[in-house]
Amino acid sequence: MYIALKHCSLYELLKKRRNQFLNLLGGIETMRQPPVFIVGLPRSGTTWIASIISTARSVKYFHEPFNCSNVFGASQFCMKYLAKVHDDLEFARHCRAAFNGEIITEPMRAMLPPMYRRHPQLPGRVVVKDVCSCLAVECVESLVDPMTILVVRHPCAVAASWHQL
């Protein structure tokens, strides 16, 4: 370590790492912004929109935390209707954990940018994409107050997409 630093000054080192440092500061700023919630019916284009948004810097993308194929125990929340006012404390706990980035399974970890895979504690704007909670949008909004993107696709296009599978 001493030999590497002996030949370059601290200024040169910071100059080389400037972009990484600014990205980290940008991440701190994004923590103040509300999370993004991308929701819609299956095959409506939610994954496509989420993949575009997740390419932005300082974005922590969580893919379907209410889907039982991604998260063990989430089957009780899949396609469950919940109004804005409800008494399902387990859903509320799971929802807050999902939007705080606390529910990370291996499939979700693989979708995070490399920086967040190595250091999940770094700040970043949380983006949650889910098709299994489309009947509980009002409930999710009342619990975590996200910026919601509701994806609507023509029913014939959804049917055609299912048919192509």
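Here are four short exercises on this predicted model, each with a worked solution.

Residues are numbered from 1 along each chain as its sequence is written. Because the model is predicted, local features need pLDDT of at least 70 and side-chain atom pairs count only at pLDDT 80 or more, while totals for chains, interfaces and linings use all residues; side-chain values use heavy atoms, with hydrogens and water left out.

**Exercise 1. The sheet**

Work out the strand order of the open sheet, and say which strands stand at the edges.

Solution. Start with the order: four strands run β2-β3-β1-β4, with parallel pairing. Strands here are DSSP runs of E with at least two residues, helices are runs of H or I with at least four, and both are numbered from the N terminus. Two strands pair if DSSP finds at least two bridges between them. Now the edges: β2 and β4 (147-151) each have a single partner strand, so one side of each has no neighbour in the sheet. On average, neighbouring strands are turned by 15° against each other, direction ignored.

Next, zoom in on β1 and β3, which run parallel and are joined by four bridges. Val-36 has Val-127 of β3 as its bridge partner. Finally, add helix α4 (residues 46-53), which packs on the sheet and touches β1, β2, β3 and β4; its direction makes about 160° with that of β1. Touching means heavy atoms within 4.5 Å, and the axes behind the angles are lines fitted to C-alpha atoms, for helices over the stretch in contact, with angles running from 0 to 180 degrees between N-to-C directions.

**Exercise 2. Helix α5**

List the buried residues of α5, find what covers them, and check both ends of the helix.

Solution. First, the list: within residues 89-99, Phe-91, Ala-92, His-94, Cys-95, Ala-97, Ala-98 and Phe-99 are buried. Buried means under 20% relative accessible area, exposed over 50%, and partly exposed in between (1.4 Å probe, protein chains only). Second, the cover includes β1 (36-40), β2 (59-63), β3 (125-130) and α8 (137-144). Third, the ends: at the start, a side-chain oxygen of Asp-88 comes within 3.3 Å of the backbone nitrogen of Glu-90. Just after the helix, Gly-101 has a positive phi of about 75°.

**Exercise 3. Salt bridges**

How many salt bridges does a search of the whole structure find, and is Lys-129 buried or exposed?

Solution. The search gives three, counting a side-chain nitrogen of Lys or Arg within 4 Å of a carboxyl oxygen of Asp or Glu.

- Glu-64 pairs with Lys-129, closest N and O atoms 2.4 Å apart. Glu-64 is in the loop between β2 and α5 and Lys-129 is in strand β3, so the pair ties together parts 65 residues apart in sequence. Glu-64 is buried at 8% relative accessible area, and Lys-129 is buried at 1%.
- Lys-80 pairs with Asp-88 at 2.3 Å. Lys-80 is partly exposed at 29%, but Asp-88 is buried at 14%.
- Arg-93 pairs with Glu-90 at 2.8 Å. They sit three residues apart in α5, about one helical turn. Arg-93 is partly exposed at 48%, and so is Glu-90 at 35%.

**Exercise 4. Arg-125**

Place Arg-125 and find which polar contacts its side chain makes.

Solution. Arg-125 belongs to strand β3 and is buried, at 17% relative accessibility. Its side chain makes a polar contact with the side chain of Gln-33 at 2.9 Å. A polar atom of that Arg-125 side chain also lies 2.8 Å from the backbone oxygen of Pro-34. A polar contact is a pair of N or O atoms within 3.5 Å; within protein, one must be able to donate a hydrogen and the other to accept it, and residues adjacent in sequence count only if both atoms are side-chain atoms.
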